[in-house]
Amino acid sequence: MNPSSTQPSHTAQIALIGNPNCGKTSLFNRLTGTRQKVANYAGVTVERKEGRLQLPSGRSLKILDLPGAYSLQATSPDEAITRAVCLGELAGEARPDLLVCVVDATNLRLHLRFVLELRALGRPMLLVLNMMDDAARRGIQIDQDLLSKKIGLPVVTTIATQANGVQGLLQQLDLDWQNWIVAPETSKTDQSQPDLHQPDLHQQVRELLAETVSMPALTDQRDDRLDRILLHPVWGLLCLALIMFMIFQAVFAGAAPLMDGIETLFAGISDLVSAQMPDGVLKSLVVDGIIAGVGGVVVFLPQILILFLFILLLEESGYLPRAAFLLDRLMFKSGLSGRSFIPLLSSFACAVPGVMATRSIQDPRDRLATIMVAPLMTCSARLPVYALLIGAFIPAQTVAGLFNLQGLVLFGLYVAGVASALAVSWLMKKIHRDRTEHALLLELPSYRVPSWRSVSLGLYERASIFLKRVGGIILALTILLWFLASFPAPPDGATGAAIDYSFAGQLGHLMAPIFAPLGFSWQICIALIPAMAAREVVVAALGTVYALSGNDDLLSQQLSPLIADQWSLATALSLLVWFVFAPQCIATLATVRRETGSWRQVSIMTAYLFGLAYLMAMLTYQAAVALGWG
Amino acid sequence: MQTAFQTIIQESIVVLLVGWSVWQVLRRFAARPLYLVQSRLVALLRRYGWPRMAAYLTPVAPTTAGCSQGCGGCSSNAAPSCASQAATSADTAVTDLAPSDVQPVQWR
């Protein structure tokens with residue numbers, strides 16, 4: 001080791017670095033007290049994150065959480081960020097004072113290689129053996145002192161998921177770590193560039209492991225047993241279909257009592273406010289605008305939480321990469337690769353993180369194809385729209401004595417989104433005449449029993465994000481829509497409903513002929529405009545528009561039975577199909593603009609998705625009318 | 001029977017709520033133009049001797065869309081957790097992505 005030097009007086013910056021899925025973000029969360037997203041698969045973190053840590057001594061540190069990387073020879077955009085930070089090449093970012101190299105203690109054979117590569121940079125380094133609880137369960141014994149001696153770096157053990165699992169690391173960070181450097185073995189003078197011609201690192205790792213680690217078995221026997229079923233070409237696919245199917249059944253079957261409770265609560269509030277407030281413009285805003293609009297969206301919180309409960313359980317268990325592996329052949333035939341699975345799955349929550357997660361895809365063609373189809377995945381913002389229409393038009397009956405019909409329809413809509421994404425990517429593959437082979441190399445993590453604390457925290461965050469969104473942008477758009485639907489007041493002697501003379505009413509009537517082939521009424525046309533900001537706003541907008549345009553009898557009803565009275569089944573099906581395809585999300589389009597660096601791709605995406613939405617909704621409506629459902 | 005005073009109060013509250021809504025929508029969907037307008041307003045206020053008002057209205061630079069934007073898509077959350085251990089204290093944690101971080105992807 002090099003001689004000690006003085007401790008820096010500025011706020012020191014440390015970087016958490018290591019292979020994907022070794023627990024860097026869990027450690028980051030534990031050290032900084034933040035709640036960045038973690039899951040049991042590679043590629044969750046795709047951008048640099050920053051936090052602060054105050055050590056027991058009172059010293060303050062800046063901590064960077066970097067995307068996982070297998071090597072400094074970056075092959076994907078997320079790895080390029082890690083490389084740039086380590087080498088001090090990122091604009092506006094100082095080179096980290098200490099590299100905290102995190103490795104999965106159960107997977108040292110793979111992870112130590114990157115440690116040796118980083119060691120050659122000649123920067124202060126600390127090796128953290130994480131997931132020591134898993135290592136102990138598997139009977140893996142690591143001679144920590146010998147490993148430290150052999151590798152020339154201090155070694156600490158952590159269990160990032162446990163509250164007291166990082167004490168050793170905190171103590172180490174409080175020491176003077178300026179001398180934790182191994183002098184580079186090469187004669188290179190420029191240490192800013194990684195040495196691509198290091199001696200065989202794999203051989204070095206093998207030698208290190210032989211001397212310092214005792215492993216009863218190379219792989220986890222429990223994982224092997226489970227994989228024999230879950231990765232089986234037939235049983236595995238069957239299990240995957242069953243799991244997905246169960247999720248959508250549960251969304252409808254489990255949420256009903258809670259949704260009824262919320263509906264009753266809002267109806268009570270509406271009655272109370274109507275009785276207590278004097279007539280006037282403020283009462284109209286509160287009752288017709290805020291309660292009818294926002295209340296209509298909040299009702300769907302239980303369904304969203306049930307969906308995310310399952311997604312969080314799958315994320316924590318380590319099953320998702322297995323699903324990617326199972327679907328690789330199908331996705332490859334469609335012009336995607338198994339690596340697209342995780343970004344597309346993230347898009348089921350929201351297309352924004354889904355599009356950003358494509359940074360883990362190495363091939364630019366695969367990455368762009370995934371970005372272009374990500375908005376077709378059914379994001380959680382569509383759920384309130386689907387749930388409203390399914391609840392209104394599909395009877396809650398059991399099929400074959402087992403399946404909930406509403407759940408079946410919801411499952412069908414999700415399948416429609418996936419099928420259309422595969423069809424579009426297949427078409428893109430044909431247009432670009434791409435014949436290159438894209439082999440899937442994917443790391444399968446160990447299965448883990450989901451932590452209930454982590455899942456509960458995830459659900460709590462999901463609920464708070466949804467409610468903040470409702471209380472923020474959805475409330476704001478609902479108030480604006482109420483204003484546009486209430487003013488100007490009808491002229492003297494007007495005979496129609498007041499809303500017909502308002503700004504929104506006039507705009508709705510103007511748009512109605514364009515959407516007439518789709519069976520959309522002028523009220524639906526109005527609701528589609530604020531829904532460009534967020535899809536679920538369509539529910540709030542319909543609530544407000546119908547509250548302002550209906551008579552007293554209609555006002556006494558909830559939105560769901562109200563639209564069941566007013567719309568035909570053909571219109572409802574057409575609107576459902578519209579929302580399968582329409583890119584009604586400005587945030588997604590902005591993210592695509594940033595990731596592709598071009599408005600051209602955004603324009604192509606917007607045009608093809610709106611075109612597809614219009615065409616498919618029109619076909620659905622016309623077919624439904626022909627079947628007598630109009 | 002409503003008095004004129006009650007009507008004025010009601011209308012004032014409605015105007016405030018509509019104004020707040022416009023502000024929210026602009027802040028979310030027209031962050032950059034709003035930032036520019038607000039910056040010019042602050043500069044004008046400073047020039048005409050309203051430094052306190054200018055300081056109050058000084059805008060925060062808009063961030064790029066991404067995680068922690070409250071899109072509802074992922075659990076990424078910049079707020080510190082109350083569950084952090086006693087030995088550590090979180091001051092801030094931001095998801096900060098400089099433009100140079102992003103590598104645009106194009107068809108080859």
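Student: Which residue just after H26(A) takes a positive phi?

Tutor: Helices here are DSSP runs (H or I, at least four residues), numbered from the N terminus. Just after H26(A), Gly597(A) has a positive phi of about 65 degrees. Keep in mind that this is a predicted model, where local features need pLDDT of at least 70, side-chain atom pairs count only at pLDDT 80 or more, and totals for chains, interfaces and linings use all residues. Residues are numbered from 1 along each chain as its sequence is written, and chains are lettered from A in the order in which they are written.

Student: Which residues of H26 are buried?

Tutor: Buried means that 20 or more other C-beta atoms, placed from the backbone, lie within 10 Å of a residue's own. In H26 (residues 586-596) of chain A, the buried ones include Ala587(A), Leu589(A) and Val592(A). Their cover includes helices H15 (351-357), H16 (364-373) and H27 (599-626) of chain A.

Student: Where does the largest nonpolar core lie?

Tutor: In soluble globular proteins, nonpolar side chains tend to be buried together. A nonpolar core is a set of buried Ala, Val, Leu, Ile, Met, Phe, Trp, Tyr and Cys residues joined through C-beta atoms within 7 Å. The largest has 141 residues, with Ile474(A), Ala541(A) and Leu576(A) making the most contacts inside it. Helix H19 (residues 452-486) of chain A gives the largest share, 15 residues. Domain 1 (12-218) and domain 2 (236-434 + 460-626) of chain A both give residues to this core, so it lies between them. Those bounds come from an automatic or database domain assignment.

Methods: Buried ≥ 20, exposed ≤ 12 C-beta atoms within 10 Å, placed from the backbone. Helix = DSSP H or I, 4+ residues; strand = E, 2+ residues; numbered from the N terminus. Contact = placed C-beta atoms within 7 Å.
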